[in-house]
Amino acid sequence: MPGPEPGPAAQIQPLLGPIDRPLDYAVPEEFAAISPGALVVIPLGRRKVPGVVVGRDAPTHAGRLAPIAGAIDAVPLGEDMLELASWVASYYASTPAAALRLVLPPGADGPVRVGRDGVWRVRGAPSGDTALIARTAAGGGSARRREISAALAAAGGQLPAAELCRVARTTMPTLRRMAEAGQIRLGRSRRSGLDWFGEPPPPDEPPLLTAEQDAAVGAISARLDGGGALLLHGVTGSGKTEVYLRAILAARSRGRSSLVLAPEIALTPQLLGRLRARLGTGIAVWHSGLAPAERAAEYARIRDGEVDVVLGARSAVFAPVVDLGLVIVDEEHDASYKQDSAPRYDARRVAWFRASRAGAALVYGSATPRPESWHALPRVTLAERADGAALPRVDLVDMRTQPAGPISRPLARALRTATDRGEKAIVLMNRRGFALGLLCSGCGWIAGCPRCDIGLVIHRGPERLSCHHCGHERDLPRRCPECDSSQLMRQGSGTQGAEDALRELLPSTRIVRLDASTTGGRGDITRLLAEFAEPGGAVLLGTQMVAKGHDLPDVTVAGVLAADAPLARPDFRAEERTFGLVVQLAGRAGRRGEPARVIVQAWEPGARALQLAAEHAVTDFVTAELVARDRRGFPPFGHLVRVVLSGPEDAPLAEHATAVADEARAAGIDVMGPAGLHRLRGRHRRAILARSPRAEAAREPLLEALRARRSAFTTADIRAVIDVDPQE
Ligand code: ADP
Ligand code: ZN
Ligand code: ZN
């Protein structure tokens, strides 16, 4: 039987399967109106898979084309989103399918099936339908029920019922009985990312802007008509958020939407709270913690224009915002804006692409801006704290002059004084300075990962050695496997060691630990921060997370342990990170005008990054950093592109890596390497770093050399990862 008449063609990118470029398909009469952005079903081999129409051009090959099999019941992607995906795919050397997944509704790339009605649907695609939400009511009841009500109140008075069951360790029947007794309320509503953040706060009273804030709002508003980017450099507590709020209102009054990016939404509930208090409804939140159904609901609300403000983390830069007028990247120095798996995009650069295409104003805000932004953008400065308070004093403590142990005497004293007075403290550990390893004092053997060639770290409860890279675990040996000595020593002091030292120092004080191992579950961060915020003295101990944008009252002491640990790393951003960390942490202390102290412990307190951080000397630091980068051709004076090759055998890998580097060099770009990296998950690795004033110029010769080796790589089981503008 002849197939449908071959009509005009379409270029379609399959979303499933190995095809990494669009293919030509015939468009039968019934789909003649289909245009780029549409979701369709296409035959691919024997399968039917979902795909996105990316073009309606004549086919590039003569011959009969397979026809489109059906249309998927979904709203097509806008031209702007299609263009965005295509730019991401080429700039970051990713595949079109992977880039399209970033802009498609959640779950659009699943297997498809045709319904009885002849309409194709994606199986398992979450719909943003309703969810059962628990809300605070009268409370009361048994002790157990009061506990459940308290858990709900601690979450802001509103949670998805399923989540309340999890955090309060209860069941749905119990919640239903509580609802019948009027102790809580249960109701269905359309899902939303806001379900997680409690009832909306009451409207707030806008403060009178300071002169600096007023100038900043003016500079942003001027860019709302016609676009343009700027850097908002505001010291911590200078009222950057207030500037954002006014700019969002200015965009809203022009009928345009705002996209607000922040590093980690769960860490900054205050930001959302302030948006809701000032802007009322019309806000969506978008972050990786959302369940698929919540994400689908937010996607639909945003795309359908039900909201005109989207707050989200990195991936929100792809939210289908309509009439985009303003993009804000808060804490623009934060490393989490870079995605560390493919597509390895940097949300800050994607934001720039989106804003310039949409003619939107773009604001990068930070107390510690990146040299890149400092160099490239017009700058508006908020030099004073909004409440006129002074920045806290920062003391550097030389650990070489201190008794052994993770907490120095000055920090111990400050912590005791503060918590005795019922005030709060934040203590930040640089994880790298606190890994606890196992060393043989007989022969120098170090317990290492058999698959990654790096040291294993001792974890507690029960004690195990584990690899931070691949998760490999083993028991602690009693004797050295090399020399059979029983003299095995612990090396380093360990995250846990710091916690123990704190508990010993402050036996009756609440110590809340915030790090990857305590924040695995959804809502954990919010719960831990709420616990810390409860009245009375408390210490928040954790990794980098504790330095991020929270605005917590009563913090009068901030300490950094092993502040200079990152400086030992071969990373040209190590100084920038160290500097930023200290200045940011200092900013968490002394808000609301309390006098505060910041104590920075280091082994090399003379390091430039620490000395300048202690003086809050951002301008001096960035200026010097730019001079150093210019000399070396590093960002912002050049783009870097890194290729990491990995394989089971070292010899062929080394050969290929050298050849790839040589070919790129022959093409006229500046190439460093290949350099050996430590083995990871049993695979040897080599890295090549190319540098060029233009990202494309560094990327293309590398891609070319990799493409030429595609089949050789398959044979030798070599994988290549390409990272444009790497951050590590
Ligand atoms: P940043 O984001 O720059 O660290 P915030 O926006 O959190 O600073 O502002 C710090 C504090 O100052 C907040 O409590 C905020 O409400 C307050 N604030 C901001 N602007 C003003 C103003 N113009 N007048 C009075 N208080 C202000
Ligand atoms: Zn030994
Ligand atoms: Zn490992």
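A polar contact here is a pair of N or O atoms within 3.5 Å. With that cut-off in hand, the ligand 1 site is a good place to start, bearing in mind that the model is predicted. A polar side-chain atom of Thr241 sits 3.1 Å from an oxygen atom of ligand 1, so the pair falls inside the 3.5 Å limit. Arg274 also brings a polar side-chain atom to an oxygen atom of ligand 1, in this case at 3.0 Å. Lys240 goes about things through its backbone: an N or O atom of its main chain lies 2.9 Å from an oxygen atom of the ligand. Taken on its own, ligand 1 has 560 Å² of accessible area, and the protein covers 75% of it.

Zooming out a little, 18 residues surround ligand 1. Those that come nearest are Leu208, Gln213, Gly237, Lys240 and Arg274. Sorted by class, the shell is made up of 7 polar, 6 charged and 5 nonpolar residues. Helix α7, which spans residues 240–253, gives the most to this shell, with 3 residues.

Next comes the metal. Ligand 2 is a zinc ion, and the SG atoms of Cys440, Cys443, Cys480 and Cys483 coordinate it at 2.3 Å. What geometry does the site of the zinc ion have, given angles of 106 to 113° among its 4 donor atoms? The site is tetrahedral, because four donors earn that label if all angles lie between 85 and 135 degrees. Along the sequence, the donor residues follow the spacing C-x2-C-x36-C-x2-C.

Two of these cysteines can be looked at for exposure too. Cys440 has a relative accessibility of 2%, so it counts as buried. Cys443, on the other hand, has a relative accessible area of 39% and is therefore partly exposed; the buried class stops short of 20%, and exposed means over 50%.

The last stop is Arg709, which is found in the loop between α19 (695–707) and α20 (710–716). Is this arginine buried or exposed? Arg709 is at 11% relative accessibility, so it counts as buried. Its side chain makes a polar contact of 2.5 Å with the side chain of Glu663. The Arg709 side chain also reaches the backbone oxygen of Ala705, at 2.8 Å. Put together, Arg709 is a buried loop residue whose side chain pairs with the Glu663 side chain and with a backbone oxygen, that of Ala705.

Terms used
Residues numbered from 1 in each chain as written. Chains lettered and ligands numbered in written order. Predicted model: local features only at pLDDT ≥ 70, side-chain atom pairs only at ≥ 80, totals over all residues. Heavy atoms only, no water. Near = heavy atom within 4 Å. Polar contact = N/O pair within 3.5 Å; in protein donor to acceptor, adjacent residues only side chain to side chain. Areas by Shrake-Rupley, 256 points an atom, 1.4 Å probe, with all protein chains shown as cover. Helix = DSSP H or I, 4+ residues; strand = E, 2+ residues; numbered from the N terminus. Nonpolar A, V, L, I, M, F, W, Y, C, P; charged D, E, K, R; others polar. Donors = N, O, S within 2.8 Å, 3.2 Å for Na, K, Ca; no water. Tetrahedral: all angles 85-135°; square planar, octahedral: opposite > 155°, others 65-115°. Buried < 20%, exposed > 50% of the residue type's maximum accessible area, 1.4 Å probe, protein only.
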